Amino acid sequence: MTPVPIDNDVYNRVGATWWDEDNPLNLLHGSLTPGRFAYFREVLTDRVGREYAGMRALDVGSGGGFLAEEFAKVGFCVVGVDPSAVSLATARAHAAEGELEIEYLLGIGEKLPVRGTEFDVVYCCDVLEHVTDLDAVIDEIARALKPGGLFLFDTINRTTTSKLVAIKMMQEWRWTRLFDTAIHDWSMCVRPGELVEVMGRHGLQAGDIVGLGPRSTNPLRLLDMTRAARGRLPWGEMSRRLDFGRTRFTGISYMGYAVRA
Ligand SMILES: C[S@@+](CC[C@H](N)C(=O)[O-])C[C@H]1O[C@@H](n2cnc3c(N)ncnc32)[C@H](O)[C@@H]1O
């Protein structure tokens, strides 16, 4: 496997505290998880209905289990896969505290530790921009899905705006960055058209693509980023104030779905 030009070990170094509002990773929890899950529920309602008892969902790159817990709470049997052992331990402990039955497995998207055609839904959120081999991950996701199964995703676009936000603001500028390490490499970010093309090659037919970003128009929220970076505002609270969710603009992050042919 080729070396990844980003620091994916950060999920081991700080992965014990995903659920702590002061951990920058909690940005994904504050309003991003409710925002992403609200969109996924709309897609699920349209494509699958509202009853998920007995349905199986696979979370590729499950991190601290933010989305796995949402899917489990609405009735899915969830399996989460992640290469970070520390994050898996955190996710397991948090699920146990909440009495949620979620199976967490050590593994990578490029070689999923699951049998084929097992899952009704596979989702992969904020992960595609971290993987060494996008083609292999999409191939594995298609393999894991039942025919007619649903793939849900969100990821960072590769645009000038995403470079400003995800690279400059979130990891380079001292007064706004989350970590002083490279959590993203802009060249690994995926444009929607590229993802649609790769999915198509692996039998995943793309549905719609929508934007994912901050919905707050209050310019003071930028000051909140600097306060969070200086430890004066919890990252979870900053995320809630930015009110991440579905937007029309796809230039920073986007989410969408595809159906296994
Ligand atoms: C930004 S976090 C997203 C976590 C979770 N999906 C969420 O949205 O809350 C990225 C996650 O991808 C995982 N990851 C990195 N490389 C991966 C790979 N090749 N396959 C699967 N997961 C990977 C990391 O360990 C980390 O937990």
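Start by selecting Cys125 together with the ligand: a polar backbone atom of Cys125 is 2.8 Å from a nitrogen atom of the ligand. Keep in mind as you look around that this is a predicted model.

Next, add Gly109 to your selection. One of its backbone N or O atoms lies 2.8 Å from a nitrogen atom of the ligand. Then pick Glu110, where the side chain takes part: an N or O atom there is 2.9 Å from a ligand nitrogen. How much of the ligand's 590 Å² does the protein bury? Taken alone, the ligand exposes 590 Å², and the protein buries 95% of that.

Now show the whole shell around the ligand. There are 20 residues in it, and Arg36, Gly61, Asp82, Gly109 and Cys125 come nearest. Try colouring the shell by residue type, and you will find 9 nonpolar, 7 polar and 4 charged residues.

Time to zoom out and switch to a cartoon view. Look for the open sheet, which is built from 8 strands. Walk across it in the order S3-S2-S1-S4-S5-S8-S6-S7, and note that the pairing is mixed. Which strands sit at the edges? They are strand S3 (102–106) and strand S7 (244–247), each pairing on one side only. Neighbouring strands in this sheet are turned by 20° against each other on average, direction ignored.

Select residues 204–214 and 253–260 to see strands S6 and S8, which run antiparallel and are joined by 7 bridges. For one place to click, choose Gly211: its bridge partner in S8 is Tyr254.

Finally, bring in two helices that pack on the sheet. Helix H2 covers residues 27–47 and touches strand S4 (119–125), strand S5 (145–156), S6, S7 and S8. The direction of H2 makes about 35° with that of S8. Helix H7, at residues 192–201, also packs on the sheet, touching S5, S6 and S8. Line up your view with S6 and compare directions: H7 makes about 155° with S6.

Technical notes: Residues numbered from 1 in each chain as written. Predicted model: local features only at pLDDT ≥ 70, side-chain atom pairs only at ≥ 80, totals over all residues. Heavy atoms only, no water. Near = heavy atom within 4 Å. Polar contact = N/O pair within 3.5 Å; in protein donor to acceptor, adjacent residues only side chain to side chain. Areas by Shrake-Rupley, 256 points an atom, 1.4 Å probe, with all protein chains shown as cover. Nonpolar A, V, L, I, M, F, W, Y, C, P; charged D, E, K, R; others polar. Pairing = 2+ DSSP bridges. Helix = DSSP H or I, 4+ residues; strand = E, 2+ residues; numbered from the N terminus. Axes fitted to C-alpha atoms, helices over the stretch in contact; angles between N-to-C directions. Contact = heavy atoms within 4.5 Å.
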